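Subject: Structure for your review

Dear colleague,

I am passing on the structure we spoke about, and I would be grateful if you could keep it open while you read the notes that follow.

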There are 2 protein chains.
Amino acid sequence: MLTRTPRGSSDKNHLLARGVMLWRCIADDYEQTILVGKYDNGAKLPPESEIAARYGVNRHTVRRAMAELGARGLVRTERGSGTFVRTDKLDYPIGQRTRFSEIVAAAGHEAEGRLQGHRHELASEEVAAHLGLTVGADVVRLEILRAADRVPISVATTWLPAARYPDAAKIFRRLRSVTRTLDHYGITGYARKWTRISAGFTDAVDAGRLRLSVHRPILVVESLDVTGDGEPIMTTRGRFAADRVALIVES
Amino acid sequence: MLTRTPRGSSDKNHLLARGVMLWRCIADDYEQTILVGKYDNGAKLPPESEIAARYGVNRHTVRRAMAELGARGLVRTERGSGTFVRTDKLDYPIGQRTRFSEIVAAAGHEAEGRLQGHRHELASEEVAAHLGLTVGADVVRLEILRAADRVPISVATTWLPAARYPDAAKIFRRLRSVTRTLDHYGITGYARKWTRISAGFTDAVDAGRLRLSVHRPILVVESLDVTGDGEPIMTTRGRFAADRVALIVES
DNA sequence: CCGAGTTGTCTAGTTCAATAGACAAGTCAT
DNA sequence: ATGACTTGTCTATTGAACTAGACAACTCGG
């Protein structure tokens with residue numbers, strides 16, 4: 001059947017966007033049906049061969065689509081058994097001791113932090129106020145992507161006073177953890193002073209980094225961390241994939 | 001330079017969506033800058049070679065992107081001269097004699113109508129009311145894509161009483177014009193009885209047919225046409241690409 | 001008219017998406 | 001344990017996307 005339909009005449013036309021690969025169209029299509037709630041958490045998807053037949057497509061193409069959904073954290077495949085929907089969210093407690101690696105490890109997942117970019121810049125009014133600096137003071141800005149079990153959870157922009165932590169980027173890149181980076185600077189214990197939570201939607205950049213579509217909901221978490229003496233260390237603006245995380249605030 | 005960067009490490013990373021071809025990303029990127037109003041109507045884009053250099057991409061890839069923008073009606077290229085932005089809209093008068101082919105021809109463009117699909121169905125409450133039939137009566141439903149100079153302008157769903165126009169689809173497919181199709185049935189003059197205009201956004205299907213992105217604005221034009229004697233002929237629900245058409249209502 | 005600048009077209013080569021088929025490795029119910 | 005079913009991996013092939021370079025055709029200002 002279908003001896004090489006050159007992308008245009010078959011009945012899979014309804015998905016085919018010009019310039020978008022077939023596997024991506026299938027992945028997006030399935031993401032929709034999952035996000036719309038057609039499958040419960042843990043539900044089993046049809047076998048790859050059946051999906052392939054339904055779309056009129058090779059099984060390998062479906063496998064690529066499923067790999068994409070896996071990377072987005074929407075699905076988990078088990079060899080010999082099947083592919084299962086995964087819409088449960090990581091519980092992320094917000095408290096005095098809010099450390100990504102610890103939280104994720106405690107939940108039984110593999111934590112990962114990657115530096116996506118960094119630069120020195122002049123403190124904005126907001127950053128200066130948070131860190132107790134004068135506007136225009138030299139600050140280090142880090143863009144960090146965090147993942148649990150290789151699934152992106154958040155992107156965060158962190159500012160630190162450059163005077164105190166001049167090589168924060170270089171050190172983070174080596175140690176791959178904010179806690180360990182601060183430890184390198186002799187900060188053994190630090191605490192969350194305040195956290196401000198709002199919400200929004202992904203822009204194109206965050207969507208790419210988080211492996212989300214554009215216009216998916218995100219939790220915006222602004223925060224300030226201080227030393228035991230109350231001296232400001234860093235202020236952060238994190239964007240959490242709301243499809244994958246729930247913030248827990250104990251009272 | 002750039003001895004084949006295998007899609008991932010160069011500075012064009014910020015556009016690269018997984019599973020989306022480079023030319024499509026560039027086309028979408030330029031569409032944004034045009035729609036956001038960065039270029040006036042008729043403004044000249046940079047030469048292809050310059051755009052290619054800016055994106056770090058081969059000129060052929062830029063040409064493909066520009067071809068796409070041309071197909072979307074956003075841009076017009078002139079050999080030896082350049083590529084020019086085209087954000088003016090087709091003036092589409094709504095009146096008693098509202099005929100796509102005539103209006104487009106009068107504006108100096110080449111009109112085209114293609115039947116995208118058709119079927120017999122049972123008249124809904126709304127369609128029955130418009131056509132003066134009983135609910136559930138047999139009606140012919142046509143899906144027609146209309147274009148001016150090969151640029152898609154509208155998709156329209158038209159319903160006709162099947163009792164009177166049983167083979168409307170077959171005849172339209174041959175004659176490629178509603179006017180000529182009705183002429184075949186002996187309807188020489190027909191008139192627009194009423195027109196109802198609202199607005200909305202493209203869904204995935206209409207976006208594909210109109211070569212628009214999803215969530216672009218559309219004008220929704222519902223209408224009823226009647227014979228000289230006032231007998232209902234057809235009711236239509238057209239979706240016009242608001243980026244390319246302006247409806248003109250004389251009073 | 002000339003020449004610089006711009007789009008159109010052609011050839012060629014490399015990488016990757018998608019197809020096709022086969023088989024290994026794992027799960028699960030009977 | 002057996003066997004049906006499902007995912008993982010391998011090889012091979014075809015066509016499209018992208019790159020590279022060259023040249024033709026065309027426009028426009030000096």
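In the charge count below, Lys and Arg are taken as positive and Asp and Glu as negative, while His and the chain ends are left out. Please also bear in mind that this is a predicted model.

Counted in that way, chain A carries 38 positive and 30 negative side chains, and the centres of these two sets lie 6 Å apart. As for its overall build, chain A has eight helices and 10 strands, and its C-alpha atoms fill a box of roughly 70 × 35 × 30 Å when this is taken along the principal axes. Of the 251 residues in chain A, 47% are buried, and the accessible surface of the chain comes to about 13,200 Å², with 49% of that area belonging to carbon and sulfur atoms. If one takes the contacts in chain A between residues at least 6 apart in sequence, 56% of them join residues that are at least 24 apart.

One residue of chain A that I looked at individually is A:D91, which lies in strand 3 (residues 90-94) of that chain. Because its relative accessibility is 47%, A:D91 counts as partly exposed, a class that runs between the limits of 20% and 50%. Leaving aside residues up to four places away in sequence, A:D91 touches A:I103, A:A246 and A:I248. Between A:D91 and A:H60 there are 34 Å in space, C-alpha to C-alpha, for a separation of 31 residues in sequence.

Turning to chain B, I would draw your attention to an open sheet of six strands, which follow the order 4-5-6-9-8-7 with antiparallel pairing. Strand 4 (111-122) and strand 7 (190-201) of chain B stand at the edges and have a single partner strand each, so one side of each is left without a neighbour in the sheet. Neighbouring strands of this sheet are turned by 20° against each other on average, with direction ignored.

Within the sheet, strand 8 (residues 217-227) and strand 9 (residues 232-241) of chain B pair in the antiparallel sense over nine bridges, and the bridge partner of B:E222 in strand 9 is B:R237. Helix 6 (residues 168-175) of chain B packs on the sheet, where it touches strand 4, strand 5 (138-148) and strand 6 (151-161) of chain B, and the direction of helix 6 makes about 170° with that of strand 4 of chain B.

With best regards

Terms used: Residues are numbered from 1 along each chain as its sequence is written. Chains are lettered from A and ligands numbered from 1 in the order in which they are written. This is a predicted model: local features need pLDDT of at least 70, side-chain atom pairs count only at pLDDT 80 or more; totals for chains, interfaces and linings use all residues. Side-chain values use heavy atoms; hydrogens and water are left out. Two strands pair if DSSP finds at least two bridges between them. Helices (H or I, at least four residues) and strands (E, at least two) are DSSP runs, numbered from the N terminus. Axes are lines fitted to C-alpha atoms, for helices over the stretch in contact, and angles run from 0 to 180 degrees between N-to-C directions. Contact means heavy atoms within 4.5 Å. Buried means under 20% relative accessible area, exposed over 50%, partly exposed in between (1.4 Å probe, protein chains only). Accessible areas come from the Shrake-Rupley method with a 1.4 Å probe; for residues, only the protein chains shown count as cover. The place of a charge is taken as NZ of Lys, CZ of Arg, CG of Asp or CD of Glu.
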